[in-house]
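User: Please take me through some side-chain and helix-packing details of this model. Give short reasons with each answer.

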Amino acid sequence: MDIDVFSAVHAQEWDRLDELVRRRRSLTGEEIDELVELYQRVSTHLSVVRTSGQDPALSGRLSSLVARARSAVTGAHSSGWADVGGFFTRGFPATLYRLRWWWIGVTLATVAVATTTGWWVAADPDVLAALGTPESIARYVEYEFANYYTENPAGSFAAQVWTNNAWVAAQAIIFGVAFGLPTLWVLLMNAINVGMAGGMMFAHGRGDVFFALILPHGLLELTAVFVAGGVGLKIGWSLISPGERTRLRALGEEARAAIGVALGLVLVLFVSGLIEGLVTGWITNTWTAIGIGVVAEALFFLYVFTVGKRAHEAGETGDIEDAPAALPVAG
């Protein structure tokens, strides 16, 4: 192909497309149709030029023109801050609300397992003895459990627990692709660990200390983990029972929504991490500390069942809609 001849033949079309793109806000109906037609035509020209590899400069020019034309045809993408605002007012809360029964079910089941485990440890001396020597358990109850929250500087400790909890939540979601079985395991281990800690504390008459140190941050933190577990199980269930969708489509839709949940939970866990690092163990008034945790938890539920419900009823699913195709670039 003679690139010079090709350019001469189509230069007028390229110039016309450039003109329409520049005037895109004042185009008539016929000019909009022309813009769409030229955009498709010049996209083909770009493919031809790039395939020939003869003129990188022309390829770059057409790539830029096609990208600008595509923006004019589909509408310019909203700004980053607008995207962030839309995510937290529509996509994220709508997904939380849509999947509410999944994570509420996980919450009830996990609390039941943790409570049963704690009761078993506290009520059965043989089970308690299996967890460690009397000396090690006494050290844990009297010193290590409470000291865990204050032995490190508050800022670094908050960052540490934030990272750890975000990883646990991510695991609970990601493992959903294995039919949710590893997610169940993560949730089960989390429930048993909490139950064993509580059981040891109650067995030694320190149940008040246990709740005083767990509730301020644990209400929001554990809720975030339960949400992640519910989302992970929903992904697994979409493979088992996709409904009218194909399994691949069901997995794709739920996984894309789950990515949004994972990102949103990073912020939720950041808040719980701040409470754990700056409130738990540091504010000596128990009811003040617990009150902070209760307020944070109440605000989360208010967010889900007002903002999330409204977005869900407006048709928001949390899936990616109108995701832009990759824009052509100069080769």
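**Side chains and helix packing**

User: What does F179 count as at 49% relative accessibility?

Analyst: The model is predicted, so the value describes a prediction. Buried requires under 20% relative accessible area and exposed requires over 50%. The 49% of F179 falls between these limits, so F179 counts as partly exposed.

User: Where is F179 found, and what is its phi?

Analyst: F179 is in the loop that joins α8 (154-174) to α9. F179 is not a glycine, yet its phi is positive, at about 60°.

User: How many aromatic pairs are there, and what kind of pair do F6 and W14 form?

Analyst: With ring centres required to lie within 6.5 Å, the count comes to 20 aromatic pairs. The centres of the F6 and W14 rings are 6.2 Å apart, with 50° between the planes. Stacked needs under 30 degrees and edge-to-face needs over 60. The angle of 50° therefore makes the F6 and W14 pair tilted.

User: Are F6 and W14 buried or exposed, and what kind of pair do F210 and F211 form?

Analyst: F6 and W14 are both buried. For F210 and F211, the ring centres are 5.3 Å apart and the planes stand at 65°. Planes over 60 degrees apart meet the edge-to-face cut-off. The F210 and F211 pair is edge-to-face.

User: Which of the terms buried, partly exposed and exposed applies to F210, and which to F211?

Analyst: F210 has a relative accessible area of 6%, so it is buried. The relative accessible area of F211 is 38%, which makes F211 partly exposed.

User: Which residues form one aromatic cluster with F210 and F211?

Analyst: The F210 and F211 pair, at 5.3 Å centre to centre, belongs to a wider group. The other members of this one cluster are Y140, F145, Y148, Y149, F157 and F202.

User: Over the face of which residue does R100 lie?

Analyst: A charge over a ring requires CZ of Arg within 6 Å of the ring centre. R100 is at 4.0 Å from the ring centre, and the ring belongs to Y97.

User: What describes the packing of α5 against α9?

Analyst: Two packed helices are described by the angle between their axes and the distance between the axes. The axes of α5 (residues 100-123) and α9 (residues 181-203) cross at roughly 40° and come within 7 Å. That angle makes α5 oblique to α9. The crossing of α5 past α9 is right-handed.

User: Which residues of α9 does α5 meet?

Analyst: On the α5 side the contact involves V106, T110, V113, A114, T117, G118, V121 and A122. On the α9 side it involves L187, L188, A191, I192, G195, M196, G199, M200, F202 and A203.

User: At what angle do α5 and α10 pack, and which residues of α10 make the contact?

Analyst: The axes of α5 and α10 (residues 207-240) are 7 Å apart, at an angle of about 120°. The two helices are therefore oblique to each other, and α5 passes α10 in a right-handed crossing. From α5, W102, W103, V106, T107 and T110 take part. From α10, the contact is made by T223, F226, V227, G229, G230, L233, K234 and W237.

User: What is the handedness of the crossing of α1 past α2?

Analyst: The axes of α1 (residues 3-22) and α2 cross at roughly 145° and come within 9 Å. Residues in the contact include F6, H10, E13 and W14 of α1, and L38, Y39, V42 and H45 of α2. The crossing of α1 past α2 is left-handed.

User: Which residues is H45 in contact with beyond its neighbours within four places in sequence?

Analyst: H45 is in α2 (residues 29-52). Its relative accessible area is 6%, so H45 is buried. Leaving aside those neighbours, H45 is in contact with F6, H10, E13, W14 and L62.

User: How far apart are the C-alpha atoms of L220 and G293?

Analyst: L220 is in α10 and is buried, at 5% relative accessible area. Not counting residues up to four places away in sequence, L220 touches V268, V271, S272, A296, E297 and F300. L220 and G293 are 73 residues apart along the chain, and their C-alpha atoms are separated by 7.1 Å.

User: Which residues does A94 touch, not counting residues up to four places away in sequence?

Analyst: A94 lies in α4 (residues 80-98). With a relative accessible area of 0%, A94 is buried. The C-alpha atoms of A94 and K309 are separated by 6.3 Å, with their places 215 residues apart along the chain. The residues touched by A94 are G308, A311, H312 and E316.

Notes
Residues are numbered from 1 along each chain as its sequence is written. This is a predicted model: local features need pLDDT of at least 70, side-chain atom pairs count only at pLDDT 80 or more; totals for chains, interfaces and linings use all residues. Side-chain values use heavy atoms; hydrogens and water are left out. Rings of Phe, Tyr and Trp (its six-membered ring) pair if their centres lie within 6.5 Å; planes under 30 degrees apart count as stacked, over 60 as edge-to-face and the rest as tilted. Buried means under 20% relative accessible area, exposed over 50%, partly exposed in between (1.4 Å probe, protein chains only). A charge sits over a ring if NZ of Lys or CZ of Arg is within 6 Å of the ring centre and within 35 degrees of the ring normal. Axes are lines fitted to C-alpha atoms, for helices over the stretch in contact, and angles run from 0 to 180 degrees between N-to-C directions. Helices (H or I, at least four residues) and strands (E, at least two) are DSSP runs, numbered from the N terminus. Angles under 35 degrees count as roughly parallel, over 145 as roughly antiparallel, 65 to 115 as roughly perpendicular and the rest as oblique. A crossing is left-handed if the near helix is turned anticlockwise from the far one by less than a right angle, and right-handed if clockwise. Contact means heavy atoms within 4.5 Å.
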